[in-house]
Structures are given as structure tokens and as C-alpha cells.
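Here are some exercises to work through at your own pace. Try each task before you read its solution.

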Amino acid sequence: IRIKNMIRNGSHAVEEEDKGESSSSSYSPEKRKRVIRVWCDGCYDMVHYGHSNQLRQAKAMGDYLVVGVHTDEEIAKHKGPPVFTQAERYKMIRAIKWVDEIVEGAPYVTTLETLDKYNCDFCVHGDDITLTVDGKDTYDEVKRMGRYRECKRTQGVSTTDLVGRMLLLTKSHHSNVDNAAYQLHTDNFGKGPKGHSPWTGVSQFLQTSQKIIQFASGKEPQPGDTIIYVAGAFDLFHIGNVDFLKTVHKQAEKPYVIVGLHFDQEVNRYKGKNYPIMNIHERTLSVLACRYVSEVVIGAPYAVGKDLLDHFKVDLVCHGKTEVFPDTDGTDPYAEPKKRGIFRILDSGNNLASDDIVQRIIENRLQFEARNQKKEAKEMAVIEALKRKDDSLKTETALTNN
């Protein structure tokens, strides 16, 4: 597979090579005749490419992916109030291309009863730990009954990390440089009262061509497809972006949607402050995970010019209701598509922007910091308990051998 700056992305398909990622997917040919139904669940608050990657890996372990999403009330009870409402969170998960079905208001503790109710063979969770309000492993029952599989957590991103970046209001995350500001962020948001949790800590995200291949599915435009181009930052890929892309997708019977992502410096030029919160590599994966997107251009030119339109054979260029900032030379970046009569302003009915999300976080800053400290403390207690258990087993083994 050749990697270009242009990344193809299917709406629903999962690549066959993904099937080999986990040993748990190596079923006998006889067993594979039956559809393997996989269950995932979570809060899915502030959905990022780490969540998408978990769902991609889970789907690769079977054929049909059912995702349970918890209510606001359940999350508030066990973790503290979510940033996004349950309606917003349900919509976000529906937009991820590996998801086949969602269950609204799924219970916080995963039980055999839930798996059986939705005819799921097993559930999949990342290699971190999820605890109830009283410190119990939410997957304890399904683990004991052998109906639990694990997938690898995506290094370099967590909701905690993103919240930290928003509150910091610095640009250090653009390159993840090891400067004083980013170090302060790591100290504040990656460490609990008794040390550093491997599950909540801040680490650097390293983009690889393999990760892009896994997220993209390489579908080319087919005869009769309408090629639609949109461009922007698509930062903190959120429900406002999803509603816009869904509206774009509805503009044609057979849409092939290409998203042009601007480089970090370009986004910072027109958005200012510490934007983008997510760097270009992170934004690429976030957009590729969306079922309404067919292809991504990494580092698209700000001006949608003749070369770009001709190269991709673009039929329609769309923009939302947000302000269009002029190019560095003061010109309209959409002058060429307007001249060709292929430019369209769309109203998705959702005006949520990255600024609004940052505002939600800032308003609840103390609450989120307290929530993170509490989560960290619970995780550290579990790590200590596991260590004590491990030490005890080692001592017993040593005594038996003597």
C-alpha cells in the first residue's frame, strides 16, 4: 500500500488485514461461519482517536460491533459529570465507521446478562482499568467467565490530556516539545496524589504510516460518485463537525467526501490562542474514523485553487456557517470554486465549535481536576493491590521451592 498525503477512507468497511491483529480473532473456519458479535461499552465523553482505535480493534476481533454508551446520571455517579450530554455522546459513537449498532443507556458495570441480552460473544476493553464508585473492576464478572478480550490502549492521548491542553492555553502540544509548560501540564494532569498512573498519564503521540493505514480503507471514487471537498481544522473532532459532515454527505446520492486538513501553523494563523488543541497527526486520525468521510488531504492548501479542484475532479465545495478568514494575501480562499459555480454554504443546524468545548471545560475546571485526582487515586490503589498480590505469590513460590 502506498502512503500519500491523500488518505482514502471507506464509510463502513474494515480492512481484512486488521483481522489478524489479535489472537482472539483466530477462529476455526467452521466457527467463522457464524457472525461473531462483539460488545464494547464506555462513557465516550470527549471522543478522540484513542476511542476510535479501541472500537477499530474490537471490530477486528469479530464481525458485528455493538457499543453501549452510559447515561449522564451513571457517569456522574461513578466519575463526575460528563462534558457532553448523552444525546451528543450517542451521536458521536454512531458516526464512527466501525460501529454497527449502539445501545443507549448501557449499564456502567458489564455483566453476562448484558452480553446475552444483545447476543454478544464477548466484550472488548483497553488494557487500562475501569472502576466503579466503590473501587470495583467493572469487567470483573465477564473476565471471570472468559468472555472478555483486551485491546491495546492508544499511546499519547487521553481525555485527561486533552482537558489539560485546553486549560494550559499554550502551543506546546503542537509539537509535544519537552518544554516547561508541557512538563507542568504533565505534572498537573498526569499524576495523582501518590504517583503516576500508566492509564491516565500524559505521553507523546507518535504518528506512523501503519496507524494511518489501519484507519483508512483505501476506497477510490467510483463512476457516478459526486466528489465533494471541504476544508478546515476539524480540531477536537466533535459533534459540530459530525453534524456538518453528515449534512455534506447528504448533498449527493453517491457522495465521495474529501476533507482537507490545514497544518497546525495555518490553523493557528486564523484561530489564534493555543489552537489547534490537536496536532495535524491527531486530527488526521480523528477525521478518518468518521463514516461520512472518504478521503483526507493532510496539510491541504488554505486556498482551494485550480490545481486542487482539477486534481481531485471536485464537483462541489462546501463550507459551514463559520466565518471564512482571508488568505495571507487578503484574498478569498474560495474564489476559484465560486467562479466555477460549485461553492455551497451549508447549515447543519449545529453551531458548536472548539471554543464552546474549551468554555465547557474552563467553567468546570476545578470539577475536572478533582475528578482526575480521584480517578488517579483509585487507579494507584489498584496498582498497589496488584503489586502486593504479585509479591505475595512470589514469596509463596519461593517458600514452596525451598
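The exercises below go from the whole protein to helix packing, aromatic rings and a few backbone details.

**Before you start**

This is a predicted model, in which local features need pLDDT of at least 70 and side-chain atom pairs count only at pLDDT 80 or more, while totals for chains, interfaces and linings use all residues. Residues are numbered from 1 along each chain as its sequence is written, and side-chain values use heavy atoms, with hydrogens and water left out.

**Exercise 1. Describe the protein as a whole.**

Step 1: Start with the secondary structure. The protein has 16 helices and 13 strands; these are DSSP runs numbered from the N terminus, with helices (H or I) of at least four residues and strands (E) of at least two.

Step 2: Look at burial. Of the 402 residues, 53% are buried (buried means under 20% relative accessible area, exposed over 50%, and partly exposed in between, with a 1.4 Å probe and protein chains only).

Step 3: Turn to contacts, meaning heavy atoms within 4.5 Å. Among contacts between residues at least 6 apart in sequence, 79% join residues at least 24 apart.

**Exercise 2. Work out how helices α4 and α10 pack.**

Step 1: Recall what to look for. Two packed helices are described by the angle between their axes and the distance between the axes. The axes are lines fitted to C-alpha atoms, for helices over the stretch in contact, and angles run from 0 to 180 degrees between N-to-C directions.

Step 2: Find the values. Helix α4 (residues 86-94) packs against helix α10 (residues 239-249) at about 55°, and their axes are 10 Å apart. That angle makes α4 oblique to α10 (under 35 degrees is roughly parallel, over 145 roughly antiparallel, 65 to 115 roughly perpendicular, and the rest oblique).

Step 3: List the residues that touch. On the α4 side they are Glu-88, Lys-91 and Met-92, and they meet Ile-239, Val-242 and Asp-243 in α10. By class, this contact has three nonpolar, no polar and three charged residues. Here Ala, Val, Leu, Ile, Met, Phe, Trp, Tyr, Cys and Pro count as nonpolar, Asp, Glu, Lys and Arg as charged, and the others, Gly among them, as polar.

Step 4: Check how enclosed α10 is. Nine of its eleven residues are buried, so α10 is largely enclosed by the rest of the structure. The buried ones include Phe-244, Leu-245 and Val-248. Their cover includes α4, β9 (226-232), β10 (255-261) and β12.

**Exercise 3. Do the same for helices α7 and α15.**

Step 1: Helix α7 (residues 159-168) and helix α15 (residues 354-363) have axes that come within 10 Å and cross at roughly 90°. The two helices are therefore roughly perpendicular to each other.

Step 2: Val-163, Met-166 and Leu-167 of α7 make the contact with Ile-357, Val-358, Ile-361 and Ile-362 of α15. Sorted by class, that gives seven nonpolar, no polar and no charged residues.

**Exercise 4. Which rings does Tyr-270 join into a cluster?**

Step 1: Know the rule. Rings of Phe, Tyr and Trp (its six-membered ring) pair if their centres lie within 6.5 Å; planes under 30 degrees apart count as stacked, over 60 as edge-to-face and the rest as tilted. By this rule the count comes to six aromatic pairs.

Step 2: Take one of them. Tyr-270 and Tyr-302 form a tilted pair, 5.4 Å centre to centre with 35° between the planes. Tyr-270 sits in helix α11 (residues 264-271) and Tyr-302 in the loop between β11 (295-298) and α13 (306-311), 32 residues apart. Both are buried.

Step 3: Add another. Tyr-270 and Phe-325 have ring centres 5.9 Å apart and planes at 25°, so this pair is stacked. Phe-325 lies in the loop between β12 (316-319) and α14 (335-340), 55 residues from Tyr-270.

Step 4: Join them up. Ring pairs link Tyr-270, Tyr-302 and Phe-325 into a cluster.

**Exercise 5. Describe three backbone details.**

Step 1: The peptide bond from Tyr-275 to Pro-276 is cis, with omega near -5°. Pro-276 belongs to the loop between α11 and α12 (280-288).

Step 2: Met-46 is not a glycine, yet its phi is positive, near 50°. Met-46 is buried, with a relative accessible area of 6%.

Step 3: Asn-119 also is not a glycine and has a positive phi of about 50°. At 55% relative accessibility, Asn-119 counts as exposed.
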